[in-house]
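Please open the model in your viewer and keep the sequence panel beside it, since this tour moves from one selection to the next and says at each stop what is there.

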Amino acid sequence: MTEVSLPVEERRWERLPPWLRPRMSEQPGSGRLWRIETTLLVIVGLFLAVAIVNDLAREVRINHRLVADLTTWRHYTQHDYVNISIDQETLGANSDREVLCGNTSAGPPGSKTQICLAVWGPIVAGRRAVHGGWYLPPYYEDVRSERYGCFGAVRGLCPR
Amino acid sequence: MSAVAQGEPRLAHERSERWVPALTTVCALLLVAVAAEIVIDAAAGPSPVVPKSPELVGWLGGVGERLGYRGFLVALLVSSGAYGGLAVLSRRFRVRAISRRWAIALVAVLQLIVFAGPVLLSTDVFSYVAYARMGLEYGLNPYTHGPVAIVHDSIYQYVGHDWDRVATAYGPLYTLLSYPLAPLGVVGALWAMKLEALLASAGTLALTWRCARMRGFDPVAAILVVGANPLYFIYGLGGAHNDLIMMLAMMAAVSLTIAAGAPKPSARREAGAAASVVAGALIKATVAVLLPFMIVSKRRLAPIVGTVAALALGALVGYAVFGIHGINVVAALNRDAAFVSTDSFANEIAHLLGKPGVFPIDHDLLKAALVLIVLHLLWRTWRGYDWVAASGWALLAISVTSTWLLAWYILWPLPLAVVTRDRRLLAATLAIQALFIVHQISPLLAPVQ
């Protein structure tokens, strides 16, 4: 292998050892580095692909659970409403426990007294178990200070 | 091997080439049909694909059917498949799969269809208009106030909820470019932003063509791979993102650099190329990553002079108009680097490792990984590797290691990837885009009703 000769203005780099000198173009025979880089790229690509597929499967599982939760809310309240909010954090992120809030009577989302249900456990016959809940006044977000009438296993989540 | 045996593969290849024009036509028609369907259906009424927006395309209102998210995903998958087919056909076969004229017409039609439709998949353009109106109509500094400061302005209701308290993260050049659009009113400014994005896209494609031709690549394949890319025209142009203007400046720099090297180096063009990168960074800071590669590759004074001069001018104007906050790019980058999006690879890796999401330590690890990648690429560039390819890899690494990943971020390296000899860059960019699209499809597999 020979060094690619540098133009006159590049002669200042000749003081550097050969392996540190800049080149105008890549040296032929740098195939080993190319192979290492390509191998690393393939490994990173496969790792990202596994992460994507895993996350996709996780989202699909969550979607199945949310469908069961919505069915549970409609069955429990006997209201076939569409606009039901789902909160996955109040009872612990990544806990599979959800809080679903919706109007107790027909109206725009949140415009009536809302009933919130705490739902967790396995899906049985397309639904999950309701372990308790609370009420919210119209036009209020689900924050602890606004909850009232807590019932079931989540009584401690109401201020009064 | 006998002559007959040698002739068989050639014959089979020639036979398969007979199908190339027909397959190409099918792919092109699918792309156009899907783009038209997305735009017409998106204009039909409320859709999860269309952010809340003022009436922009009323004349399209009664034509299509309401576009649901699942319908959009099917359309995205079909157009991605057609794009993949078109990209392979245009690069794989000796027979020209598509003529120059038809390639330009196809790309132009795709861009014009999306331009004629509503704003798609992002509220960013409303923030652009809000910042412009804040500065020009209300005398507020968009680098110190979020759009909530103009809560009574008609644009405010359209700004994304997550961004209404956030000051602009864009460069002072972009903010200044957007100021003249503010007096046009909300609808007028939105159309002007859409037009700006369309022109930037056309300019980027024209420069991609030029660069590909100057470097000895097929310019037809190059503009098809960029301009017919569904993420490019649906997400990038559909959302009228200023990333397209940044990419225009980036490709102008690449074009000037390539032209500067032939037949003999031109200091003026190299300085101009560096200044163009700085101009791009004053639109959106990300593109500044090209500068070290350009400087290390050229090893001449001209790019450094161009950088310093353009930076000094930009900083002076930015400071004069917006004060110190207008030129404090580091603060804006640090703030944005802390965000986490569900589509980021970092978030998906965290889930794979059993964590609920990205932790602060992960941000540091990702930054360290990015620094190592950039240092390796700088070393390779110093030793003769193509600086354009190195820049493309750096942009791809930024998007992959970012915890805030959006579809139009993985477009950044695409125009560079089609004008470099390292085919791995294009393969990696398209693979990352494919993974991004795959991650979107969970509503198709398990719809929530």
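Which residue of strand 4 of chain A does Val119(A) stand opposite? Select both strands around Val119(A) and look across from it: the residue there is Val130(A). Before going further, please keep in mind that this is a predicted model, for which the predictor gives the complex an ipTM of 0.87 and a pTM of 0.87.

**Stop 1: chain A as a whole**

Colour chain A by secondary structure, and you should find one helix and five strands, which follow one another along the sequence in the pattern α-β-β-β-β-β. Of the 160 residues in this chain, 32% count as buried.

**Stop 2: the sheet**

Now select the strands of chain A together; they form an open sheet of five strands in the order 1-2-3-4-5, with antiparallel pairing. At its edges lie strand 1 (85-87) and strand 5 (148-152) of chain A, each of which pairs on one side only. From one strand to the next the twist averages 25 degrees.

Begin at the edge with strand 1 of chain A, which is joined to strand 2 of chain A by three bridges in the antiparallel sense. One residue to pick here is Asp87(A), whose bridge partner in strand 2 is Val99(A).

Move on to strand 2 of chain A itself, residues 98-103, and show its surface: the strand is mostly covered, with six of its six residues buried. Its pairing with strand 3 (residues 114-124) of chain A is antiparallel and extends over six bridges. Two pairs are worth labelling at this point, namely Asn103(A), which has Gln114(A) as its bridge partner in strand 3, and Gly102(A), which stands opposite Ile115(A) in that strand.

Keep Ile115(A) selected and turn to strand 4 of chain A, where the residue opposite Ile115(A) is Tyr135(A). Strand 3 and strand 4 (residues 127-136) of chain A run antiparallel and are joined by eight bridges; the pair from the opening question, Val119(A) and Val130(A), belongs to this pairing of strands as well. Follow the chain from strand 3 into strand 4 and you pass through a hairpin with two residues between the strands, where Ala125(A) in the turn has a positive phi of about 50 degrees.

**Stop 3: two further residues with positive phi**

Most residues other than glycine have a negative phi. With that in mind, select Tyr139(A), which has a positive phi near 65 degrees although it is not glycine. Tyr139(A) is placed in the loop between strand 4 and strand 5 of chain A.

Then go across to chain B and select Ala240(B), another residue other than glycine with a positive phi, here near 50 degrees. This residue sits in the loop between helix 9 (230-237) and helix 10 (243-260) of chain B.

Which of the two words, buried or exposed, fits Tyr139(A)? Tyr139(A) has a relative accessible area of 66%, and because exposed means over 50%, it counts as exposed. Ala240(B), by contrast, has a relative accessible area of 4%, and because buried means under 20%, it counts as buried.

**Stop 4: the second largest pocket**

For the next selection, take Leu40(A), Leu41(A), Val44(A), Ile373(B) and Val400(B). The second largest pocket holds about 1200 Å³ of space, and of the 40 residues that line it, these five are the closest to its centre.

Widen the selection to the elements that give two or more residues to the lining: helix 1 (31-77) of chain A, together with helix 15 (345-352), helix 16 (360-382), helix 17 (387-401) and helix 19 (423-440) of chain B. The largest share, 12 residues, comes from helix 1 of chain A. If you colour the lining of this pocket by residue class, it divides into 31 nonpolar, four polar and five charged residues.

**Stop 5: confidence in chain B**

Finally, colour chain B by pLDDT, which averages 90 over the chain, with 94% of the residues scoring at least 70. Among the elements of chain B, helix 1 (residues 3-17) has the lowest mean pLDDT, 60, and helix 18 (residues 414-417) has the highest, 97.

Terms used: Residues numbered from 1 in each chain as written. Chains lettered and ligands numbered in written order. Predicted model: local features only at pLDDT ≥ 70, side-chain atom pairs only at ≥ 80, totals over all residues. Heavy atoms only, no water. Pairing = 2+ DSSP bridges. Helix = DSSP H or I, 4+ residues; strand = E, 2+ residues; numbered from the N terminus. Axes fitted to C-alpha atoms, helices over the stretch in contact; angles between N-to-C directions. Buried < 20%, exposed > 50% of the residue type's maximum accessible area, 1.4 Å probe, protein only. 1 Å grid on protein atoms, 1.4 Å probe; cavity = no way out; pocket = protein on both sides within 12 Å on 5 of 7 lines; lining within 4 Å. Points joined across faces, edges and corners; volume = space filled by probe spheres on them. Nonpolar A, V, L, I, M, F, W, Y, C, P; charged D, E, K, R; others polar. pLDDT = per-residue confidence, 0-100.
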